[in-house]
Amino acid sequence: DNCPNDSDNDIDGDGLCGDVDECPNDPNNSDNDNDNICDDIDDCIGAYDQCGICNGDGTWCLTANISIGLVYNQNNDQVVVEILYDSPLSIGGFQLSLSGVNILYTAEGASANAGFNIAHNDDTIVAFSPTGNSIAPGAGLLTNIYVEVNDSETCLYDVVLSDNDGDQINAELGYCKLLPCIDDDNDSLCN
């Protein structure tokens, strides 16, 4: 018996007894990343990045900032809410909601420059490029949202950002902002 101390003997047929074979289930004894874990049982053949992703590029855990910029009265009925971004990754699409307002339409900003289609309902917008365009990493005006005021302040919520592959980007949200008082009938009360 070539392997007297091992009842399984040489189960992978590599000529090494199972009790001394570092990779008893792999005839090639592969350990391509030299981490002393046989490739057939290694959770990651390579290296984990700072985000904990096997062979990742370190971008999965990066965070973008989405915030409300200026809020100003465009005319007697409409208020403009600037949405700002600061992202280390390309933005392939986004969804966000604003409290305290009814959204009328959007215009300008990096999303318009990238050719994003933007749809909205009362308080939520969804934006993406049907042709695969994205907003380059950086900071600036994401879009202007033209709104009717329903409350004294507006806040961002339910924000979802995705990169150009559709993977979600972590997002931190800025502070709420006060909304201007619209007093169309001059009764000293906000409409």
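The legends below walk through several close-up views of a predicted model.

**View 1. The whole chain, for orientation.**
Before zooming in, here is the chain as a whole: 1 helix and 11 strands. Read from the N terminus, the elements follow the order β-β-β-β-α-β-β-β-β-β-β-β. Of the 191 residues in the chain, 36% are buried. The accessible surface amounts to about 10,800 Å², and carbon and sulfur atoms account for 44% of that area. Contacts across the sequence are worth a look too: among those between residues at least 6 apart, 56% join residues at least 24 apart.

**View 2. Strand S1 and its two partners.**
Which strands pair with S1 (residues 63-73)? On one hand there is S10 (residues 168-173), which runs parallel to S1 and is joined to it by 4 bridges. Here you can find Ala64 opposite Ala171, and Ile66 opposite Leu173. On the other hand there is S2, antiparallel to S1 and linked to it by 7 bridges. Within that pairing, Ile68 of S1 faces Ile83 of S2 as its opposite number. If you follow the side chains along these strands, a general pattern is handy to keep in mind: in a regular strand they alternate between the two faces of the sheet.

**View 3. The S9–S10 hairpin.**
S10 also takes part in an antiparallel pairing with S9, over 2 bridges. Leu161 has Ile169 in S10 as its bridge partner. The two strands make a hairpin with 5 residues between them, and Gly166 in the turn shows a positive phi of about 90 degrees. Do look at Asp158 while you are here, since this residue of S9 (residues 156-162) is not a glycine, yet has a positive phi near 50 degrees.

**View 4. Ser87 and its surroundings.**
Ser87 belongs to strand S2 (residues 79-87). Is this serine buried or exposed? Its relative accessibility is 3%, so Ser87 counts as buried. The side chain of Ser87 comes within 2.7 Å of a backbone oxygen, that of Leu89. Leaving aside residues up to four places away in sequence, Ser87 touches Ala64, Pro137, Gly138 and Ile169. Two of these names may be familiar from the earlier views: Ala64 stands opposite Ala171 in S10, and Ile169 is the bridge partner of Leu161.

**View 5. The largest nonpolar core.**
This view shows a core of 29 residues, in which Ile83, Phe94, Leu96 and Leu98 have the most contacts. At least two residues each come from S1, S2, S3 (93-98), S4, S6 (124-128), S7 (138-149) and S9. S2 gives the most, with 4 residues. As a general background, nonpolar side chains tend to be buried together in soluble globular proteins. Leu96 is a good place to pause: not counting residues up to four places away in sequence, its contacts include Ile83, Ile125, Ile145, Leu156 and Val159. Leu96 also touches Asp158, the S9 residue with the positive phi.

**View 6. Two aromatic pairs.**
How many aromatic pairs does a search of the whole structure find? There are 2. Phe94 and Phe116 make a tilted pair, with 6.3 Å from centre to centre and 35 degrees between the planes. Phe94 sits in strand S3 and Phe116 in the loop between H1 and strand S5 (117-120), so this pair ties together parts 22 residues apart in sequence. Phe94 is buried at 4% relative accessibility, and Phe116 is buried at 8%. The other pair, Tyr105 with Tyr146, is stacked, at 4.4 Å centre to centre and 10 degrees between the planes. Tyr105 is in strand S4 and Tyr146 in strand S7, so the pair connects parts 41 residues apart in sequence. Tyr105 is partly exposed, with a relative accessible area of 35%, whereas Tyr146 is buried at 6%.

**View 7. Glu108, between strand and helix.**
Our last stop is Glu108, in the loop between strand S4 (101-107) and helix H1 (109-113). Its phi is near 65 degrees, a positive value in a residue other than glycine. With 39% relative accessibility, Glu108 counts as partly exposed.

Technical notes. Residues are numbered from 1 along each chain as its sequence is written. This is a predicted model: local features need pLDDT of at least 70, side-chain atom pairs count only at pLDDT 80 or more; totals for chains, interfaces and linings use all residues. Side-chain values use heavy atoms; hydrogens and water are left out. Buried means under 20% relative accessible area, exposed over 50%, partly exposed in between (1.4 Å probe, protein chains only). A polar contact is a pair of N or O atoms within 3.5 Å; within protein, one must be able to donate a hydrogen and the other to accept it, and residues adjacent in sequence count only if both atoms are side-chain atoms. Contact means heavy atoms within 4.5 Å. Two strands pair if DSSP finds at least two bridges between them. Accessible areas come from the Shrake-Rupley method with a 1.4 Å probe; for residues, only the protein chains shown count as cover. A nonpolar core is a set of buried Ala, Val, Leu, Ile, Met, Phe, Trp, Tyr and Cys residues joined through side-chain atoms within 4.5 Å. Rings of Phe, Tyr and Trp (its six-membered ring) pair if their centres lie within 6.5 Å; planes under 30 degrees apart count as stacked, over 60 as edge-to-face and the rest as tilted.
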